[in-house]
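Biologist: I'd like to walk through this fold with you, piece by piece. Can you pull it up so we can both look?

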Amino acid sequence: MRHAPSIVPLDRLDREIYLVLEDFGARAGCSWREADEQDTDVETIIRDLLSGQYAYPVRIVAFNAIEGWARDATSEIADELAERVTRSEITPALQAFVQANASRPFAVQLALPLRGPPEFNL
């Protein structure tokens with residue numbers, strides 16, 4: 001049997017690729033989100049998570065097809081999100097994702113009311 005060369009250029013695959021598993025609800029279930037090739041690096045995934053491109057992320061995997069490995073990157077991404085933002089900057093669903101998957105505590109910033117003397121409170 002003859003060996004046919006790959007139609008995919010090797011230089012385009014020799015990097016880590018990140019894919020997001022998203023929960024679309026009880027009726028639709030979970031599915032790996034479709035992504036353009038150039039949008040599968042870690043920075044783009046983090047940016048897309050923060051901008052709300054993924055409503056209910058469940059799991060994130062990283063792989064390199066050329067090197068032949070794959071790994072669960074969920075905690076790594078959750079830790080990075082926790083480091084970059086405060087709770088007020090992200091959606092409740094993304095907060096839940098970070099709380100469930102981060103290996104470090106998610107920083108809490110509480111909004112405290114400012115109270116002055118009674119004559120200044122209206």
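Biologist: How many bridges join strand E1 to strand E2, residues 30-32?

Modeller: Keep in mind that we're looking at a predicted model. E1 and E2 run antiparallel, and one place to spot the pairing is Glu-22, which stands opposite Ser-31 in E2. The number of bridges joining E1 to E2 is three.

Biologist: Which residue in the hairpin of E1 and E2 takes a positive phi?

Modeller: Look between the two strands, where the hairpin has six residues. One of the hairpin's residues has a positive phi near 105°, and that's Gly-25.

Biologist: And how many bridges join E1 to E3?

Modeller: E1 and E3 also run antiparallel. To find your way, look for Leu-19, which stands opposite Val-61 in E3. The bridges between E1 and E3 number six.

Biologist: Which residue in E4 does Val-61 stand opposite?

Modeller: E3 is joined by four bridges to strand E4, residues 69-72, and those two run antiparallel. They form a hairpin with four residues between them, and Gly-68 in the turn has a positive phi of about 80°. Follow the pairing to Val-61, and across from it in E4 you'll see Asp-72.

Biologist: Why is E1 largely enclosed by the rest of the structure?

Modeller: Count the residues of E1 that are buried, meaning under 20% relative accessible area. E1 has seven residues, and it is largely enclosed because the number buried is five.

Biologist: Which element gives the most to the largest nonpolar core?

Modeller: That core has 19 residues, and among those touching the most other members are Tyr-18, Ile-45, Ile-77 and Phe-97. The elements giving two or more residues to it are E1 (17-23), H1 (42-51), E3 (57-64), H2 (74-84) and H3 (92-101). With four residues, the one that gives the most is H2.

Biologist: Which residues of E3 and H2 might I pick out among the contacts of Tyr-18?

Modeller: Set aside the neighbours of Tyr-18 within four places in sequence. Then match its contacts to the ranges of E3 (57-64) and H2 (74-84). Contacts of Tyr-18 in those ranges include Ile-60, Val-61, Ala-62, Glu-76 and Ile-77.

Biologist: Last one: what separation do the C-alpha atoms of Ser-51 and Ile-90 have?

Modeller: Start at Ser-51, which has its place in helix H1. Its side chain reaches the backbone oxygen of Asp-48 at 3.2 Å. Ile-90 is 39 residues apart from Ser-51 along the chain, yet their C-alpha atoms are separated by 8.3 Å.

Methods:
Residues numbered from 1 in each chain as written. Predicted model: local features only at pLDDT ≥ 70, side-chain atom pairs only at ≥ 80, totals over all residues. Heavy atoms only, no water. Core = buried A, V, L, I, M, F, W, Y, C linked by side-chain atoms within 4.5 Å. Buried < 20%, exposed > 50% of the residue type's maximum accessible area, 1.4 Å probe, protein only. Contact = heavy atoms within 4.5 Å. Pairing = 2+ DSSP bridges. Polar contact = N/O pair within 3.5 Å; in protein donor to acceptor, adjacent residues only side chain to side chain.
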